[in-house]
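Dear colleague,

I am passing on the structure we spoke about, so that you can have it open while you read. My notes on what turned up in it follow below.

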Amino acid sequence: MTTTEPRPAPTPRRSWLREHSELGVCVLLLALGVLVLTDALTMDVDLTQRGPVGPRTVPVVVGIGLLVVAVLLAVDVLRGGRGEAEGGEDIDLSEPADWRTVLLLAGVFLATAVLIEPLGFPLAGALLFWGAAYALGSRHLPRDPLIAAGLSLLTYAVFDHLLGVPLPGGPLMGAL
């Protein structure tokens, strides 16, 4: 008498590309490195520049760094290296994404980009800071706009007056 035991189901074989999905990051880093190097080396630079460090230096170093990292990561992946899952993340992947917050933040950023020229940075920045706080859950209506206005004015003063980065002042230009 022979007994027929159920055969275990065959384990699905994963494709080679799925096993080496980190190579996609390598391709992205490689493309970004080539783009940065191409842009840096074709940059129009004044011939009267003196010294070894010019406007091309940092982009060339960053581009070479991207290429080196892409190659080293590809070698590691092809030798069997695998990325480890985050151990300390507090994210519950079974929960759906909070699209309301994402869309509110995107709307706030878009509104700031549209309003910064006609309103100036102090007003558009205050709307940005207050809108971001609201989108992320803060509901302290008397306090949040005041903090947003203070942060916006402080940011404007630091960039425009201390760092020399001109920001549009808008209607408040004469008052600031």
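How many salt bridges does a search of the whole structure find? The search, run on what is a predicted model, finds 1 salt bridge. The partners are arginine 143 and aspartate 144, whose side chains meet at 3.5 Å, N to O. As background, side chains can pair in this way when they carry opposite charge and their charged atoms come close. The surroundings of the two partners are worth setting out: arginine 143 is partly exposed, with a relative accessible area of 42%, whereas aspartate 144 has a relative accessibility of 9% and counts as buried, because the cut-off for that class is under 20%.

As to the overall fold, the protein chain contains 6 helices and 0 strands, which gives the pattern α-α-α-α-α-α when read along the sequence. Of its 176 residues, 20% count as buried. The chain exposes about 13,600 Å², and carbon and sulfur atoms supply 68% of that area. Among contacts with a separation of 6 or more, 58% are between residues 24 or more positions apart.

Another residue you may wish to look at is threonine 112, which is found in helix α4, spanning residues 99-119, and which counts as buried at 12% relative accessibility. A polar atom of the side chain of threonine 112 lies 2.8 Å from the backbone oxygen of valine 108. Once neighbours within four places in sequence are left aside, threonine 112 is in contact with Ala124 and Leu128.

With best wishes

Conventions: Residues are numbered from 1 along each chain as its sequence is written. This is a predicted model: local features need pLDDT of at least 70, side-chain atom pairs count only at pLDDT 80 or more; totals for chains, interfaces and linings use all residues. Side-chain values use heavy atoms; hydrogens and water are left out. A salt bridge is a side-chain nitrogen of Lys or Arg within 4 Å of a carboxyl oxygen of Asp or Glu. Buried means under 20% relative accessible area, exposed over 50%, partly exposed in between (1.4 Å probe, protein chains only). Helices (H or I, at least four residues) and strands (E, at least two) are DSSP runs, numbered from the N terminus. A polar contact is a pair of N or O atoms within 3.5 Å; within protein, one must be able to donate a hydrogen and the other to accept it, and residues adjacent in sequence count only if both atoms are side-chain atoms. Contact means heavy atoms within 4.5 Å. Accessible areas come from the Shrake-Rupley method with a 1.4 Å probe; for residues, only the protein chains shown count as cover.
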